[in-house]
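Please read this report beside the sequence and the 3D view. It goes through selected helices, salt bridges and surface features in turn.

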Amino acid sequence: LWAVHDRGFLPNSNPLEKLNHPVFIPLEDFVRDLPAQISTGIVQQNIRNLPHIEQSILEETLKTEQEMERAMLLYCMLGHAYINGECGGKQSISIGTNSLPSNIGAPWLWLSSQLDRPPILSYASIVLYNWKLLDENLPIELNNITILNRFLGIVDEEWFFKIHVIIEFKASKIISSVIKILNLINHFEEDQTTQTHKRFTIHDEMTKMILGLREVNKTLLQLSQRCDPYIFYNCLRFFLASFADGQGRKDGLIFAGTHKNGCPMKFTGASGAQSSILPMLDTFLGVEHKNDTLSKIIADLVAYMPSPHRSFLKSIKPGILRHFISSQRHFFPQFVSTYDVILEEIVRFRKKHLSYAAKYIVRQVKQTTDNNSNSNNKLEVTGTGGTPFMKYLTEHLKETKRQQFGFKYSQTARVIGLLKDVHGLLPEWMRGPEARVMDVEPQFESQRKAKVVFVLFVVVFCVFVLTSLLL
């Protein structure tokens, strides 16, 4: 179902709109009417009355990955509606149940094992496999897709998920370029007569990555147009919540009547951090995570991605593009500045993501706390994935900036290079590779000359003061 062609991490074939086998009709009808079911206030009772589809029937009827993904979405929607739907999503996170009936839990666990993803509503189910084209003759665009299934059936919910689908589609150009560059680098040494051509081709693909990232950033900017922060935080967010610490059901979720009965299971809720786009770029570009806690969070989130996505990420040698540029920049100076522009676009994305996190969650938490000043409960600021997202996103932003060649040059290498220019004391071998970035970065030349003049002035001044004191 998934491979990198024209759609990036979206499935190549459109997600199934429904399962046609008669055994799934009651589930399909219920999920189709889920917003109305949730509004009844007795959604748990109605879900318990749904038929229990035995594993043997699931094995017999679900033959393709498309069918399994559709069934997974159905049970994710039913499971999260059962847990949080009784209060219509209105801050029901501390009120909802922590135990699922077997007619939902057992099939959900089986599908989870088949798809190799945890039994929870993940980004893969709610975004990647939850959309359809309005006109199949037209491309994937905001005005030509709709979301298949929703909890609340409101514009804000529809828009929120549609934006993420379009981001995934716009990123397909980036992923395509990454694959082409990987292939060129892996075969770079095979024929030295073609290396010059390969350098130009790699640089062209890096330029395409920049254009793709700009389209992604442009799409992200549209999120706030039709998704209100208050609605997101107070209604939609609870249906995406984790079954883990900091998300209400701190002891996890119990799958009653299954082999896991009585053993609470903890999982991370749907989050944009479960998308494969940025982890792929971080690995490819060599964005390193120094923080051990942050590294563990990232590693844990990878488990919620579709299995083919995880395999693709594992196939990328960490920092392969950065290492290649470090070895080739004296032959092709443009690599350095283009690489830095790619990172700058990712910085822009992460800055905007951070601002949305503050707007859609932190400010809403503050307003909720202010409105309930008499409450003794302290609301914990975590994302839908249950992570301390402000720290997570801020650290990610810093780490991305630190990987820019220009950043390291400005922080350390400029000083070493400047000392050589002023005093001529340091031999070439002492300068290190990062210091020689100035040799291929002409935009730093004027800054370098200004620094030289300044340092010369300081040196002359110090000599004058010392001479005066000695005399």
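## Helix 10 and its surroundings

His 203 is found in helix 10, which covers residues 195-220. Helices (H or I, at least four residues) and strands (E, at least two) are DSSP runs, numbered from the N terminus. The model is a predicted one: local features need pLDDT of at least 70, side-chain atom pairs count only at pLDDT 80 or more, and totals for chains, interfaces and linings use all residues. Residues are numbered from 1 along each chain as its sequence is written, and side-chain values use heavy atoms, with hydrogens and water left out.

His 203 has a relative accessibility of 15% and therefore counts as buried. Buried means under 20% relative accessible area, exposed means over 50%, and partly exposed lies in between (1.4 Å probe, protein chains only). Not counting residues up to four places away in sequence, His 203 touches Phe 332, Gln 334, Phe 335 and Thr 338. A contact here means heavy atoms within 4.5 Å.

Arg 199 is also placed in helix 10. Which side chain of opposite charge is nearest to Arg 199? That side chain is Glu 189, 7.4 Å away, and Arg 199 is buried yet has no salt bridge. For charge, Lys and Arg count as positive and Asp and Glu as negative, while His and the chain ends are not counted. A salt bridge is a side-chain nitrogen of Lys or Arg within 4 Å of a carboxyl oxygen of Asp or Glu. Leaving aside neighbours within four places in sequence, the contacts of Arg 199 include Phe 188, Phe 331 and Phe 332. The side chains of Arg 199 and Gln 328 are joined by a polar contact of 2.7 Å. A polar contact is a pair of N or O atoms within 3.5 Å; within protein, one must be able to donate a hydrogen and the other to accept it, and residues adjacent in sequence count only if both atoms are side-chain atoms.

## Salt bridges

The structure holds 16 salt bridges. Three of them are listed here.

| Pair | Closest N to O |
|---|---|
| Glu 69 and Arg 117 | 3.0 Å |
| Arg 150 and Glu 158 | 2.9 Å |
| Glu 215 and Lys 173 | 2.8 Å |

Glu 215 lies in helix 10 and Lys 173 in helix 9 (residues 172-186), so this pair ties together parts that are 42 residues apart in sequence. Salt bridges that share partners join Glu 141, Lys 170, Lys 173 and Glu 215 into one network. Lys 173 is partly exposed at 45% relative accessible area. In the first pair of the table, Glu 69 is buried at 3%, and Arg 117 is buried at 2%.

## Helix 11

Helix 11 (residues 229-236) is mostly covered, with six of its eight residues buried. The buried residues of helix 11 pack against helix 8 (155-170) and helix 16 (334-371). Asp 228 caps the N-terminal end of helix 11, with a side-chain oxygen 2.9 Å from the backbone nitrogen of Tyr 230.

## Whole protein

In total, the secondary structure comes to 20 helices and four strands. Of the 471 residues in the protein, 51% are buried.
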